[in-house]
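Here are a few short exercises to work through with the model open beside you. Try each task before reading its solution.

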Amino acid sequence: MGATFGDLIAVADVHWAETMEWLEPLELSWQAGERSTISELGQTALVLARYAERVGTGFGAQERETAAARRARLCAASLRETASVLQGDEESVPERCELARSLFMARQALGCGLDLLSAHFEVGERGLLPTTAQSEVIASPSSTEWLLTAVDGYASQLLRVVEKAGRTDAVAKLSEAILHAKPKRSPEDQGLRATTMPEPRAALEAGADEIELLPERIPLRGGEGRERALTGIRANVQWLEASGVPQSARTWRSLATSTLMTSEISGQILRLLMARCRRLDLPEATDALAEAEMAVGELADKWTGVTAVWREVSCDRRSQLDQMMSDAGELVVRLGRLVYADREWRPSANAVTKLVRPQVLAPEAVDVYMITRAVEDAIKAPVAVASNALAGLKSGQPTGLTPQGENQMKLRHERLYRGYLQARNTAAEAQQALGRATQFLVSADERRPGRLAAESFPFQAREALGLTGPEATRTRSRGPGKGARLTPG
Amino acid sequence: MTNSTTRELRSELSIAAGLLKKLQAMARTELKTPGNSMRWGPVDLEATNALDSLSTAPTFSKSVEQEQEQERECRAGAGGLAAEVAASVEKAVDLAQDPEDKLACLDAAVHVSRLQRALL
């Protein structure tokens, strides 16, 4: 199967996302002003200019100038000016920094994509001539709009980097280009776009009923507060539970790694909670937490086994990660930030592994309860991932393996099935132990109401402990109050 | 594509693959210690993904069986290895003329970029 224009656009998009990943963190954004980045910005503007020029002439096949073609030509001119403003001393381009390298990859993908499209035309006396059945499609008005919209999107991302680099001269030119590329919002245009851009989002719309039952997504924020983190954990897990069998083999593999991390961090949290419970003199809860910790430790072993299988099965590159990976990734980061002494914690080789003190994680019994609930939520993720995997394995999944990977999978299918099955069962055991621990925490509080009443928020605490009855669960998303937000659902 | 460019690309792919395997081995040794997944899990994952991507390059698949992986002196530590892989894949993207080769390298580059962040 040959590389298609769609493949190249898809990989370009991922490299644009990578570019933004290198640009966003404060400690990395210096790369925007690097000489290698400035040079890449200029080169990327040139590739976008080539796109706009091809669109402006309908790949050479256009006989009369349309409004879109005129916009494309103006856009191309502004992009060329942007490039010339950014072009420096090309003779000694230094080694590319990571940000520049991601830009380089994005423009290489876009350039190669344009070459693929252009291969459907050949040079004639009056410019390019269409030569294949697809030439007409490529030069059609709807494709023109699609391509201009794409140029607009890429140029807008380029603008973010140029702004961060502080190159006001280029900002002005690039903004002009974007203005020209911006689709004119006529109803006709809208219709065209709808027909030419069947995006994966369409699949989501089909299941609109299900999605209404899911909580709103709570995007991960730097330095987010405890309440947002706990609500976020629950939302991440609910979305993961609803996402079903992963579409791509690489998602299966990534989910195995992130679920292993979720299990290990959960174990770490439970150990701190046990220490805290001992200190708070809650022996029954301590025992139940110890049991849960044992089960979660075993769970981590099971996932280690599953990740080992995924190392040995080759996954094809035509398998982008599914949306569910962002939930799985956010879940890991949120759990990590609860327990490690770094508010900006992320998994990495140099990640902080110093733990917060137990009394910081959970000052009072009510906090122990809430964090235990959060772990209980988190452990639903391994259950969901394993259950979905089992369903997938039964129905001939995963797809998206290389031919070699298909053979490797045949040999390991049974082992993998067993691994997921054990993981699911162990996660279920851990859930039961966690359920017992929360029950003990609730009853310990009932026996000693004075303990919480002595705090300044007895009402909220009781509500948070679920003592006000099940109706409280429905108030979760309504008010901003601490008690209401953290009420178990 | 000329023979010499093909040879050069093949050699670059082989160098990148060799370095990625070293990174994998490094990560997998670390992963033997329980509780280490949040430090080395993503490194192993992305190195494995990058290797899989490279192996889909038509020029690569012809080479693996026949040639021994080439080695290149590289900067110390996992970060140094990853920087070398990144440079090598960048060269490969530049050298690749066949869209299939190019796409495979571009896809590997996504994972190498993530790998580098996982080592920060």
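**Exercise 1: Chain A as a whole**

Find what share of the contacts in chain A with a separation of 6 or more comes from residues 24 or more positions apart.

Solution. In this predicted model, residues 24 or more positions apart account for 77% of those contacts in chain A. Next, look at the secondary structure: chain A has 20 helices and two strands. Finally, consider burial: of the 489 residues in chain A, 47% are buried.

**Exercise 2: Two residues of one helix**

Decide whether A:Tyr420 is buried or exposed, then do the classification for A:Gln422.

Solution. Start by locating them: A:Tyr420 sits in helix α17 of chain A, and A:Gln422 belongs to helix α17, residues 403-447. Now count neighbours. A residue is buried if 20 or more other C-beta atoms lie within 10 Å of its own. A:Tyr420 has 27 C-beta neighbours inside 10 Å, so A:Tyr420 is buried. A:Gln422 has 18 other C-beta atoms within 10 Å and is therefore partly exposed.

**Exercise 3: Partners of A:Tyr420**

List the residues in contact with A:Tyr420, leaving aside neighbours within four places in sequence.

Solution. The partners are A:Val306, A:Ala386, A:Ala389 and A:Leu390. For a distance, go C-alpha to C-alpha from A:Tyr420 to A:Ala256: they are 164 residues apart in sequence and 9.7 Å apart in space.

**Exercise 4: Where the chains meet**

Work out how many residues each chain brings to the contact.

Solution. Chain B gives 35 residues and chain A gives 40 residues. On the chain B side, α2 (37-55), α4 (77-95) and α5 (99-118) each supply at least two residues. That side of chain B divides into 18 nonpolar, ten polar and seven charged residues.

How values were computed:
Residues numbered from 1 in each chain as written. Chains lettered and ligands numbered in written order. Predicted model: local features only at pLDDT ≥ 70, side-chain atom pairs only at ≥ 80, totals over all residues. Contact = placed C-beta atoms within 7 Å. Helix = DSSP H or I, 4+ residues; strand = E, 2+ residues; numbered from the N terminus. Nonpolar A, V, L, I, M, F, W, Y, C, P; charged D, E, K, R; others polar. Buried ≥ 20, exposed ≤ 12 C-beta atoms within 10 Å, placed from the backbone.
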